[in-house]
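Hi,

Here is the structure I said I'd pass on. Have a look at it first, and my notes follow below.

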Amino acid sequence: MAEPDRPVPHRPGAISLFFVVKAGVFALGFWIWLLVLAVLGGPATGVHLIAATGAVTTTLVGVVLGARMALQRNAAVRHAELKRLLVDISWNAFAAAGNADEPAKVVPFPTTSPESDRSTNRRPGERASAFERGERNRGDRRR
């Protein structure tokens, strides 16, 4: 049986990429301006300081935005994989419950709080076994 087409997970794309490219273009412009000022020579002035500051700042902004976009993309892929895994687990549990020979083979999820598992014939450090919790969840109380 072929795998059904699953929806593509959300991946940050166009807007994040726009800002990364925009920062890169500005950084390239500042670096070219700084290179032109350095090749022309002369004493360092305020214009050199502005070009250098702009070049470094826009480069750092571009790197930070690029790293953020990559982290968001990886997180989106991990989230989609986790959702896929949860759906597969729940579907397999549902299929196992439907294919069971006896209905008692499927273990129900506990619905009571951990505080209600305490019994008077156990010491405070002891816990109830899964069998006792299962009996209690079905309504069969042993005393």
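A word on terms before the fold: helices and strands here are DSSP runs, with at least four residues for a helix (H or I) and at least two for a strand (E), numbered from the N terminus. On that basis the protein has three helices and zero strands, so the pattern along the sequence is simply α-α-α.

Keep in mind that this is a predicted model. The mean pLDDT over the protein is 76, and 58% of the residues reach at least 70. Confidence peaks in helix α1 (residues 14-40), with a mean of 92. At the other end is helix α3 (residues 130-138), where confidence is lowest, at a mean of 55.

Now the overall numbers. Of the 143 residues in the protein, 16% are buried. The accessible surface is about 11800 Å², and carbon and sulfur atoms account for 67% of that. As for contacts between residues at least 6 apart in sequence, 63% of them link residues that are at least 24 apart.

Next, some detail from helix α1. S16 sits in this helix. Is S16 buried or exposed? Its relative accessibility is 18%, and because the cut-off for buried is under 20%, S16 counts as buried. What does S16 touch, once its neighbours within four places in sequence are set aside? The answer is M69 and Q72.

Then the aromatics. The count of aromatic pairs comes to two. One of them is F18 with F19, an edge-to-face arrangement with 5.2 Å centre to centre and 70 degrees between the planes. It gets that label because planes over 60 degrees apart count as edge-to-face. Both rings belong to partly exposed residues: F18 has a relative accessible area of 48%, and F19 has 42%.

F30 and W33 also pair up, this time tilted, at 6.2 Å centre to centre with 40 degrees between the planes. Why are F30 and W33 about one helical turn apart? Because they are three residues apart in helix α1. W33 is partly exposed at a relative accessible area of 33%. F30 is partly exposed too, at 21% relative accessibility; the cut-off for buried is under 20%, so F30 falls on the partly exposed side of it.

That's what I have for now. Shout if anything is unclear.

Cheers

How values were computed:
Residues are numbered from 1 along each chain as its sequence is written. This is a predicted model: local features need pLDDT of at least 70, side-chain atom pairs count only at pLDDT 80 or more; totals for chains, interfaces and linings use all residues. Side-chain values use heavy atoms; hydrogens and water are left out. pLDDT is the predictor's confidence in each residue, from 0 to 100. Buried means under 20% relative accessible area, exposed over 50%, partly exposed in between (1.4 Å probe, protein chains only). Contact means heavy atoms within 4.5 Å. Accessible areas come from the Shrake-Rupley method with a 1.4 Å probe; for residues, only the protein chains shown count as cover. Rings of Phe, Tyr and Trp (its six-membered ring) pair if their centres lie within 6.5 Å; planes under 30 degrees apart count as stacked, over 60 as edge-to-face and the rest as tilted.
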